[in-house]
Amino acid sequence: MVARVTLAEVDTVRMRLDALIDFFKESVVPAQREQAGYRGCYVLATPEGKALVLTLWEDAEAAEASLTGGHYERQVEKFVTVYRAPPGREAYDVVIVDAPVPATG
């Protein structure tokens, strides 16, 4: 499994953070799910607009295909009017997974 990490900072004055999160859920997540080899994502955010988007891919080929096929750029462009600076991107091999366990009770 491969994880791609995108770091971004958005202007929460131009668009409220909760609206950006809703837009990501409604627009980006469904588009991600259509990509071969996509295995999920985590999005972390601060109230000031810093965000870390971690997408999980079956393998390096699937992660690379989302780049070379233009999918990644199409998703990034959806937020072009609210970025404070261009987002950064890196890929990592997933070497340990300790997924959250839902609370029971």
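This note goes through the fold, the sheet, the helices and a few individual residues of a predicted model.

1. **Overall make-up.** The model is predicted. The chain holds 3 helices and 4 strands. Along the sequence they come in the pattern β-α-β-β-α-α-β. The radius of gyration is 14 Å, close to the 13 Å from the globule rule for 105 residues, so the chain is as compact as a globular protein of that length.

2. **Extent and surface.** The C-alpha trace spans about 45 × 35 × 20 Å along its principal axes. About 7000 Å² of the chain is exposed, and 57% of that comes from carbon and sulfur atoms. Of the 105 residues, 32% count as buried.

3. **Contacts along the chain.** Take the contacts between residues at least 6 apart in sequence. Of these, 73% join residues at least 24 apart. Two of the residues discussed below, leucine 54 and threonine 46, offer C-alpha distances across such separations: leucine 54 is 52 residues from valine 2, and threonine 46 is 37 residues from glutamate 9.

4. **The sheet.** The 4 strands make an open sheet in the order S2-S3-S1-S4, and the pairing is antiparallel. Strand S2 (38-45) and strand S4 (88-93) are the edges, each pairing on one side only. Neighbouring strands are turned by 20° against each other on average, with direction ignored. As background, strands of a sheet pair through backbone hydrogen bonds, either parallel or antiparallel.

5. **S1 and its two partners.** Strand S1 (residues 2-9) is joined to S4 by 6 bridges, and the two run antiparallel. Here leucine 7 has glycine 88 of S4 as its bridge partner. S1 also pairs with S3, again in the antiparallel sense, over 8 bridges. On that side alanine 3 is matched with leucine 56 of S3.

6. **The S2-S3 hairpin.** S2 and S3 pair over 7 bridges in the antiparallel sense. Valine 43 stands opposite valine 53 in S3. The two strands form a hairpin with 4 residues between them, and glycine 49 in the turn has a positive phi of about 105°. Threonine 46 also belongs to the loop between S2 and S3. Is threonine 46 buried or exposed? Neither class applies: threonine 46 counts as partly exposed, at 26% relative accessibility. Its C-alpha lies 9.4 Å from that of glutamate 9.

7. **Helices on the sheet.** Helix H1 (residues 17-33) lies across S2 and strand S3 (50-57), and runs at about 170° to S2. Helix H2 (residues 60-68) also packs on the sheet. Which strands does H2 touch? H2 touches S1, S3 and S4, and its direction makes about 40° with that of S1.

8. **Histidine 71.** This residue lies in helix H3 (residues 71-77). Histidine 71 has a relative accessible area of 3%; the cut-off for buried is under 20%, so histidine 71 is buried. Leaving out residues up to four places away in sequence, histidine 71 touches Ala31, Gln32, Gln35 and Ser66. Among these, Ala31 and Gln32 fall in the 17-33 stretch of H1, and Ser66 falls in the 60-68 stretch of H2.

9. **Threonine 6.** Threonine 6 lies in strand S1. At 11% relative accessibility, threonine 6 counts as buried. Its side chain makes a polar contact with the side chain of tyrosine 72, at 3.0 Å. Neighbours within four places in sequence aside, threonine 6 is in contact with Ala51, Leu52, Val53, Tyr72, Pro87, Gly88 and Arg89. Among these, Ala51, Leu52 and Val53 fall in the 50-57 stretch of S3; Gly88 and Arg89 fall in the 88-93 stretch of S4.

10. **Leucine 54.** Leucine 54 is found in strand S3. Not counting residues up to four places away in sequence, leucine 54 touches Ala3, Arg4, Val5, Gly40, Cys41 and Tyr42. Ala3, Arg4 and Val5 fall within residues 2-9 of S1. Gly40, Cys41 and Tyr42 fall within residues 38-45 of S2. The C-alpha atoms of leucine 54 and valine 2 are separated by 10.0 Å.

Note on methods. Residues are numbered from 1 along each chain as its sequence is written. This is a predicted model: local features need pLDDT of at least 70, side-chain atom pairs count only at pLDDT 80 or more; totals for chains, interfaces and linings use all residues. Side-chain values use heavy atoms; hydrogens and water are left out. Two strands pair if DSSP finds at least two bridges between them. Axes are lines fitted to C-alpha atoms, for helices over the stretch in contact, and angles run from 0 to 180 degrees between N-to-C directions. Contact means heavy atoms within 4.5 Å. The radius of gyration is taken over C-alpha atoms; the globule rule is 2.2 Å times the number of residues to the power 0.38. Buried means under 20% relative accessible area, exposed over 50%, partly exposed in between (1.4 Å probe, protein chains only). Accessible areas come from the Shrake-Rupley method with a 1.4 Å probe; for residues, only the protein chains shown count as cover. A polar contact is a pair of N or O atoms within 3.5 Å; within protein, one must be able to donate a hydrogen and the other to accept it, and residues adjacent in sequence count only if both atoms are side-chain atoms.
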